[in-house]
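Please read the following walk through one sheet, two helix packings and a chain contact with the model open alongside.

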Amino acid sequence: MKPKISDDLSRRIFLRGAMGVSLFATSGCEKIEDFLGMEPQEGPVVPPSGEGVDLVSHVLNRLTFGPDPSEYARVKGLGVDDESAVAFFLEEQLSPNEIEDKRTQRAVRRLEAIHAPLGELYEYKEDHLLEQLTRATLIRATRSRRQLFEVMVHFWSDHFNIDISKKECRWLKVADDREVVRKHAMGNFSALLKASALSPAMLWYLDGRENRKSGESEKPNENYARELLELHTLGVGGGYTQKDVMEVARCLSGWTVRGKDRFFKGKVEFHADAHDDGAKVVLGNEIASGGGRKDLDDILEIVGMHPSTARFLGRKLCIRFISDDPSEASIKKVAGTFLSSNGNIKETLRAVFATQEFLQGPRAQKLKRPFEFIVSALRGVRARVSSEMDVVDYLIRMGHAPFQYPTPDGYPDIASPWTGTLLWRWHFAIALARNEVSKNIKVEEEVLIEKAGGVDGLAASLLGRNPSVEEKAAIERSGEPLALLMASPGFQWK
Amino acid sequence: MEMKDTGIISGNGDEQATLVVVFLRGGADGLTLVPPVGNSDYYKVRPTLAVAEKDILKLGDANCGLNPAFSGLLNIYKEGGLTVAPGVGSSDKTRSHFYAQDLMEHGGQLAGGWLGRFLRYREGRPPSALSAVALGKAMPEVLRGAPAATVMESLETFSLGSGSGPTESLQTELGALYGAKENILGPVARDTLQALGRVERLRREDLPPENGAEYRDDSFSNGLRQTARLIKARVGLEAVSIDLNGWDSHIAQSSLISPLMTLLSEGLAAFHRDLGELMNAVTVVVMTEFGRRVAENSSFGTDHGRGGSMFVMGGSERGNVLGEMPVIETGILVGPGDVPVVTDYRDLLSPILIRHGAGRAMDKIFPEN
């Protein structure tokens with residue numbers, strides 16, 4: 001895949017998006033769309049027709065939360081062949097701000113609480129904030145055209161996991177989602193890392209706010225320092241020692257956040273008198289005494305661009321996008337790009353998608369996690385959703401509700417921890433196809449079949465390939481094509 | 001794939017240990033459930049509500065006993081199958097039902113409940129389709145975060161799909177498709193279909209309780225009865241949550257909670273009898289968010305307090321009184337006059353969870369303990 005793209009082409013892609021909007025704007029149903037927060041986009045449906053998953057379907061499976069029925073044809077049309085089509089698609093997705101996405105933004109804008117400035121978040125009830133944030137997450141994953149961006153938001157939300165139940169994270173996670181994860185999801189890792197280190201919610205979640213050294217007897221709180229090395233940067237076995245953890249904690253001492261019972265609640269500040277200002281040595285690097293608040297920048301520079309960090313992140317990205325057990329060669333390539341691009345997330349993603357393993361390796365062999373399963377089903381059947389919360393019950397039953405993972409390592413990204421969810425996947429598939437999830441979620445099976453040119457077309461559009469002989473027979477015998485398809489093994493994998 | 005119900009679902013010969021959590025919502029009065037013995041102050045502060053000394057079911061020479069409503073549990077205690085724990089509670093000082101229940105179900109300021117984390121992080125293979133079941137209408141906080149949890153009001157209403165229309169042909173076809181391909185979902189699908197098949201068979205056969213056990217006809221006893229059926233059907237059940245509501249006795253306490261104690265006692269006794277030797281692999285924990293104020297109020301009720309009483313029933317219990325009933329005298333009482341918490345609920349639960357296979361996961365289940 002060639003990452004280069006001419007100005008002319010980006011304009012073309014942009015125009016396609018813009019044309020889409022103008023069509024909707026003149027259709028006179030804007031009000032209805034507003035009401036149906038997740039009213040799906042329309043477009044001609046031309047299902048995939050290969051025996052196996054082709055490159056376009058593969059890319060859609062991995063870079064998005066699953067294709068909308070018309071997405072395959074749209075992407076296919078971006079190039080003269082599959083390779084150029086996915087290259088254009090990738091470039092489109094790597095510049096999320098240039099993708100027209102007004103309908104999603106409009107739907108999310110109605111969720112007033114999550115747009116409140118930091119200090120004002122405390123004026124909302126915690127449950128209300130969680131609900132609004134969850135709804136926004138579902139709307140964006142399901143509706144946004146900036147799919148790769150939303151996938152990366154998910155990736156970083158796990159990487160810098162914050163359990164919204166802990167103390168003042170109940171209010172502050174909303175700001176973390178907005179100012180840390182979403183702001184930097186496709187930017188630069190160093191900037192993301194620094195934003196996370198100084199995120200009010202993170203200072204609460206990993207006790208950074210308690211990390212102070214005002215006198216001889218006081219010991220810094222090591223919680224954040226340890227997770228910074230173990231989970232956010234170098235990774236276990238990344239070559240740091242207990243001594244390094246303690247030294248990092250010393251460097252970060254004095255940073256804290258104002259609690260809700262004070263003025264300027266949620267404000268992050270540095271208290272020089274609580275900072276250990278002596279000399280430190282971190283991973284062999286000397287940090288001179290008297291550095292004060294600058295210690296934080298020094299530390300993040302050392303750990304953020306460490307070769308172990310490149311490897312750790314490279315591996316996680318490969319696990320996310322390629323396979324549960326990615327090859328050493330892929331990890332090396334991605335890690336190398338991470339370092340040479342100075343932590344540029346877009347460049348690093350390009351490297352992931354340019355690996356042989358991604359392009360030619362096994363397809364449809366990453367298990368969709370429950371959130372991805374549900375969102376891919378909603379997208380795949382163009383469900384009209386007027387209350388996003390109605391699917392949250394299913395996410396809770398499958399143990400994958402957003403922002404509700406208790407430990408700092410984030411929801412697992414490999415198959416084995418999720419296999420027990422099969423019963424509830426089937427349950428959801430059947431309920432969705434029968435319009436029994438709730439009265440707020442509507443699916444029109446007959447329209448879907450008609451638009452896809454028949455039951456086989458519907459199958460191909462959901463599976464990313466022609467159904468096998470066995471699948472065709474099973475669909476026929478079941479009498480419920482859509483329910484069977486979404487519950488079938490083929491739809492569990494991406 | 002044929003739906004037989006002779007295979008093994010849970011990978012360990014289906015000898016699955018099952019933990020049943022009974023939550024008494026509303027804050028059950030610990031001093032009525034487990035009244036102090038030989039404590040004259042108790043009668044001073046509870047002139048109308050105290051259990052008469054002669055009526056208390058004595059537990060050896062412990063300084064507390066069982067309410068006479070628990071006569072059905074006394075034998076279980078004597079046989080060594082019941083632990084009685086007075087003065088149990090959490091660090092919650094809000095005395096708010098909402099906060100105290102959340103705290104006790106979450107096991108700290110963490111997402112989801114401790115039972116959910118137990119299932120996610122415990123050693124051994126991942127939970128299966130029916131590892132976790134909540135009997136009731138909604139998912140209780142304690143089970144939130146489990147990798148798979150099923151909410152059902154009863155076996156009769158539980159089915160694949162949301163209840164309308166048959167799913168047999170879908171199930172048959174799914175069995176064929178999942179069985180055809182070699183990947184990790186194949187065995188899981190087989191187990192899931194087998195579990196569904198067993199539930200279906202349970203429904204059809206509706207076998208009567210065993211060992212002469214007789215369940216009352218109320219939703220709590222029904223929940224326990226369904227639990228016993230699922231345990232006997234070996235569907236891989238590891239964790240069950242059942243609520244018994246209505247313990248918030250501000251007014252006319254005795255008339256309110258006496259019938260509840262009878263429901264609790266008779267339900268547990270029937271369950272114990274029904275399961276017989278299977279109780280060896282079953283533990284039932286009875287907990288409540290807080291106990292109530294020591295002194296009764298002017299409307300013959302009691303107000304929200306701290307330390308409460310809990311029970312643990314199961315084959316691996318030793319049948320004893322855990323800790324001691326705290327002395328009921330001014331100066332010892334906490335806050336506005338509450339029974340102090342002498343045993344943190346997590347200390348009561350930890351050895352049970354370890355017995356049920358938590359292994360090294362305890363620091364994730366109760367990280368703040």
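In strand β7(B), B:Leu244 is the residue that stands opposite B:Leu24. The model is a predicted one. The two strands concerned, β1(B) and β7 (residues 239-245) of chain B, run parallel and are joined by 7 bridges. β1(B) also pairs with strand β8 (residues 282-288) of chain B, again in the parallel sense and over 7 bridges. There B:Leu24 has B:Thr288 of β8(B) as its bridge partner.

How many of the 8 residues of strand β1 of chain B are buried? The count is 7 for this strand, which spans residues 18-25, so β1(B) is largely enclosed by the rest of the structure. The cut-off behind that statement is 20 or more other C-beta atoms within 10 Å of a residue's own.

These pairings belong to an open sheet of 8 strands in chain B, ordered β6-β5-β7-β1-β8-β9-β4-β10, and the pairing in it is mixed. Its edge strands, each pairing on one side only, are β6 (150-152) and β10 (343-344) of chain B. At the β6(B) edge, the neighbour is strand β5 (residues 132-135) of chain B, and the two pair in the parallel sense over 3 bridges. In that pair B:Val133 stands opposite B:Thr150 of β6(B). Strands of a sheet pair through backbone hydrogen bonds, in either a parallel or an antiparallel sense.

A helix lies across part of this sheet. Helix α8 (residues 219-232) of chain B covers β1, β5, β7 and β8 of chain B, and it runs at about 170° to β7(B).

Next comes a pair of helices. Helix α3 (residues 71-78) and helix α9 (residues 253-275), both of chain B, have axes that come within 8 Å and cross at roughly 45°. The two helices, α3(B) and α9(B), are therefore oblique to each other, and α3(B) passes α9(B) in a left-handed crossing. On the α3(B) side the contact involves B:Gly72, B:Leu73 and B:Ile76, which meet B:Ser265, B:Glu266, B:Leu268, B:Ala269 and B:His272 of α9(B). By type, the residues of this contact are 4 nonpolar, 3 polar and 1 charged.

Last is the contact between the chains, where 42 residues of chain A touch 41 residues of chain B. On the chain A side, the elements giving two or more residues are α20 (392-397), α21 (422-433), α24 (469-478), α25 (481-487) and α26 (489-492) of chain A. Of these, α21(A) gives the most, with 7 residues. The chain A side that touches chain B divides into 19 nonpolar, 13 polar and 10 charged residues.

How values were computed: Residues numbered from 1 in each chain as written. Chains lettered and ligands numbered in written order. Predicted model: local features only at pLDDT ≥ 70, side-chain atom pairs only at ≥ 80, totals over all residues. Buried ≥ 20, exposed ≤ 12 C-beta atoms within 10 Å, placed from the backbone. Helix = DSSP H or I, 4+ residues; strand = E, 2+ residues; numbered from the N terminus. Pairing = 2+ DSSP bridges. Contact = placed C-beta atoms within 7 Å. Nonpolar A, V, L, I, M, F, W, Y, C, P; charged D, E, K, R; others polar. Axes fitted to C-alpha atoms, helices over the stretch in contact; angles between N-to-C directions. Parallel < 35°, antiparallel > 145°, perpendicular 65-115°, else oblique. Left-handed = near helix turned anticlockwise from the far one by under 90°.
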